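Colleague: Could you take me closely through one helix pair in this model, and then set that packing against the rest of the chain? Please state the cut-offs behind each term as you go.

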Amino acid sequence: MSVCLSGCGSDALSGNSSGDQTTNGANNLQAETKMHGCQLPIGQANLVIDGIPVDVWTPSEKYAGDVLVLHPWNVSRKEWCVKAMLCTKAADRGFRLIMPEMGKSIYSQAVYPETREDWKEFPTMTWVKETLIPELREQHCLLKTDGQNFVLGASAGARGALLLAEELPSLFVAVAGLSGDYNPSELKGDNVYRGFLGDFEQFPQRWELAENVVEGCGDIRASVYLGHGKADDMVSYQQTLHLYDQLKASNPELNIRLNLPAEAGGDFVFWGSEVGHVFDFFESMQATGPEGSLQ
């Protein structure tokens, strides 16, 4: 397992090695991380964790929390900032972004014997939980157990975000899933799921239980934002609506917000339009902790 960092000794991104032009929030963040030996530069830092590129964007003016960002299947992590202006919007709001390159991952729990050979190289949820998050925390002071932590994902990344909220219920204050597919058992003919999980007829337990976000959503304690365009022609908005209904049924006091715009599709146009709403939601949840309050 290897961890390396490029650019941490450079002033080029910040333009200010002392940090005396930033506000107290950013200064406190830099001082705290430096004290623990893991200061990151203002702006972009390029990490490599266990061979996987991870971009970290640290704001200069203020600090509102850490956001783990999970991208869609077969879409570069960089598309969030290019097509949805996520980095610019996060910097304006004071959110530090953590963006791993997940490639063609569907954020499955494991690589199965039936997984396509050319897809076995991509990271799983087990890698995120057991390698990525511990290394980020121990080496770079990110996603600390007592921190203001959030997770945002779109499409397959939304599935990953909700799975993390299920399996690490005390880590995140809030989670946002956009245009997600959460119940594989409703997508039995999907070739991507079949390529990772094997055929439903042979392995129904994977599709219905092990890899099913809806099945385990009762464990979620973070506040939840769900968005899905009704004109999405890739993943039906019913996937999100069913998850919302199950979340409300399993934990009526959980703070959940749902947005189903009638004319929106499942693309970066929609996801970019949702970033401001998601950050508003994250900010409103900062004082509540992972339990969330009744909306």
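Modeller: The axes of helix α3 (residues 86-93) and helix α9 (residues 268-285) come within 10 Å and cross at roughly 25°, where axes are lines fitted to C-alpha atoms, for helices over the stretch in contact, and angles run from 0 to 180 degrees between N-to-C directions. This is a predicted model, in which local features need pLDDT of at least 70 and side-chain atom pairs count only at pLDDT 80 or more, while totals for chains, interfaces and linings use all residues. Residues are numbered from 1 along each chain as its sequence is written, and side-chain values use heavy atoms, with hydrogens and water left out. Helices (H or I, at least four residues) and strands (E, at least two) are DSSP runs, numbered from the N terminus.

The two helices α3 and α9 are therefore roughly parallel to each other, a class that takes in angles under 35 degrees, whereas angles over 145 count as roughly antiparallel, 65 to 115 as roughly perpendicular and the rest as oblique. The crossing in which α3 passes α9 is right-handed; the near helix is then turned clockwise from the far one by less than a right angle, and an anticlockwise turn would make a crossing left-handed. On the α3 side the contact is made by Leu86, Lys89, Ala90 and Arg93, which meet Gly272, Val275, Gly276, Phe279, Asp280 and Glu283 of α9, contact meaning heavy atoms within 4.5 Å. By class, this contact of α3 with α9 has 4 nonpolar, 2 polar and 4 charged residues, with Ala, Val, Leu, Ile, Met, Phe, Trp, Tyr, Cys and Pro counted as nonpolar, Asp, Glu, Lys and Arg as charged, and the others, Gly among them, as polar.

A second pair can be set beside it. Helix α4 (residues 125-140) packs with helix α5 (residues 156-167) at an angle of about 65°, their axes being 10 Å apart, and the crossing of α4 and α5 is likewise described as right-handed. Here Met125, Val128, Lys129 and Ile133 from α4 meet Gly160, Leu163, Leu164 and Glu167 from α5, and the residues of this contact divide into 5 nonpolar, 1 polar and 2 charged.

Ile133 of α4 also links the account to a strand. Its C-alpha lies 9.9 Å from that of Ile49, although the two residues are 84 apart in sequence. Ile49 belongs to strand β2 (residues 43-49) and counts as buried at 0% relative accessibility, buried meaning under 20% relative accessible area, exposed over 50% and partly exposed in between (1.4 Å probe, protein chains only). Asp50 sits in the loop between β2 and β3 (52-58), where it has a positive phi of about 55° although it is not a glycine, and with a relative accessible area of 32% it is partly exposed. Most residues other than glycine have a negative phi. Another such residue is Asn74, with a positive phi of about 60°, placed in the loop between β4 (65-70) and α2 (79-83) and partly exposed at 45%.

Two loop residues on either side of α7 bring further packing into view. Phe200, in the loop between α6 (191-197) and α7, counts as buried at 13% relative accessibility and, leaving aside neighbours within four places in sequence, is in contact with Ser185, Lys188, Trp207 and Glu208. Asn212, in the loop between α7 (204-210) and β8 (223-227), is buried at 5%, and its contacts, counted without residues up to four places away, include Ser185 and Trp207. The side chains of Asn212 and Asn183 are joined by a polar contact of 2.7 Å, that is, a pair of N or O atoms within 3.5 Å of which, within protein, one must be able to donate a hydrogen and the other to accept it, residues adjacent in sequence counting only if both atoms are side-chain atoms.

Returning to the approach to α9, Ala262 lies in the loop between β9 (256-259) and α9 and is exposed, with a relative accessible area of 54%; beyond its neighbours within four places in sequence, Ala262 is in contact with Lys230 and Ala231. For the chain as a whole, there are 9 helices and 9 strands, and buried residues make up 53% of the 295 residues.
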